[in-house]
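This briefing is meant to be read alongside the sequence and the model shown below. The points are grouped by topic, beginning with a single buried position and widening from there.

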Amino acid sequence: MSHYLKYFAIVYSIALILLFSILIYALKLGAITLLPALIASAFLSTRHFVKKEQHLPNNNEKNKLVWGSTVIAMSIGFILIFLHPRAEEILITIGYAGRAGNSFLVAIAIALHGLIFHIAYNGYARYSLNKFC
């Protein structure tokens, strides 16, 4: 599984750094611009898994892939926050939300990432398998 998680990390990092970070910083677009990179990276990683393994991920594989990819994506996202030119302002603003607010926002982020990867490794994996076979 580590091969597929590394593949996702590389694809997601390249998509973020090369494409969407430029759009966010140069064109001053919001962080929601990162969502298409996440979805594209999840689908590319799913397609890579199905193409290489020639089967749908079983429950154990799916669990590792979904939550491993979520951890990687969230970690890269937090790194991007610290690399942002206005990181200090972002951290001060986050501080105003309090623990409950921050916990709620992180829970929503985890749920959103999990949902995207769940859709990728369920629905898109089936689509990819039918396309390749």
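Once residues up to four places away in sequence are set aside, Ser-45 touches Tyr-7, Phe-8 and Tyr-121. Ser-45 belongs to helix 2 and, in this predicted model, is buried with a relative accessible area of 1%. The points below follow helix 2 and its partners, then turn to the core, to helix 4 and to the confidence of the prediction.

**Helix 2 and its buried residues**

- Helix 2 comprises 20 residues and spans 28 Å between its first and last C-alpha atoms, which is close to the 28 Å expected at 1.5 Å a residue.
- Its buried residues are Leu-34, Ala-37, Leu-38, Ser-41, Ala-42, Ser-45, Thr-46, Phe-49 and Val-50; in general, an α-helix has 3.6 residues a turn, so residues three or four places apart point the same way.
- Thr-46, also placed in helix 2, is buried with a relative accessible area of 0%, and its side chain reaches the backbone oxygen of Ala-42 at 2.8 Å.
- Beyond the residues up to four places away in sequence, Thr-46 touches Ala-120, Tyr-121, Tyr-124 and Ala-125, and these four residues appear among the buried residues of helix 4.

**The end of helix 2**

- Just after helix 2, Gln-54 takes a positive phi of about 60°, although Gln-54 is not a glycine, whereas most residues other than glycine have a negative phi.
- Gln-54 lies in the loop that runs between helix 2 (34-53) and helix 3 (59-83), and with a relative accessible area of 44% Gln-54 counts as partly exposed because this value falls between the 20% and 50% limits.

**The largest nonpolar core**

- The largest nonpolar core has 23 residues, of which Phe-8, Tyr-12, Leu-16, Leu-38, Leu-65, Ala-73 and Phe-117 touch the most other members.
- The elements that contribute two or more residues to this core are helix 1 (2-26), helix 2, helix 3 and helix 4 (87-132).
- Ala-73, when its neighbours within four places in sequence are left aside, is in contact with Phe-8, Tyr-12, Leu-38, His-113 and Phe-117.

**Helix 4: overall course and contacts with helix 2**

- Although helix 4 has 46 residues, its end C-alpha atoms are only 44 Å apart, short of the 68 Å that a straight helix would reach at 1.5 Å a residue.
- A kink of about 110° is present in helix 4, and this kink is centred on Gly-98.
- The buried residues of helix 4 include Ala-87, His-113, Gly-114, Ile-116, Phe-117, Asn-122, Ser-128 and Leu-129.
- Ile-116, found in helix 4, counts as buried because its relative accessibility of 8% is under 20%.
- Leaving aside neighbours within four places in sequence, Ile-116 is in contact with Leu-35, Leu-38, Ile-39 and Ala-42.
- The C-alpha atoms of Ile-116 and Ile-39 are separated by 6.6 Å, although the two residues are 77 residues apart along the chain.

**Confidence of the prediction**

- The mean pLDDT of the protein chain is 84, with 89% of its residues reaching 70 or more.
- Within the chain, confidence is lowest in helix 1, at a mean of 77, and highest in helix 2, at 89.
- As a general caution, where pLDDT is low, the predicted coordinates should not be read in detail.

How values were computed
Residues are numbered from 1 along each chain as its sequence is written. This is a predicted model: local features need pLDDT of at least 70, side-chain atom pairs count only at pLDDT 80 or more; totals for chains, interfaces and linings use all residues. Side-chain values use heavy atoms; hydrogens and water are left out. Buried means under 20% relative accessible area, exposed over 50%, partly exposed in between (1.4 Å probe, protein chains only). The expected span of a helix is 1.5 Å times one less than its number of residues. A nonpolar core is a set of buried Ala, Val, Leu, Ile, Met, Phe, Trp, Tyr and Cys residues joined through side-chain atoms within 4.5 Å. Contact means heavy atoms within 4.5 Å. A polar contact is a pair of N or O atoms within 3.5 Å; within protein, one must be able to donate a hydrogen and the other to accept it, and residues adjacent in sequence count only if both atoms are side-chain atoms. The bend at a residue is the angle between axes fitted to the seven residues ending there and the seven starting there. pLDDT is the predictor's confidence in each residue, from 0 to 100.
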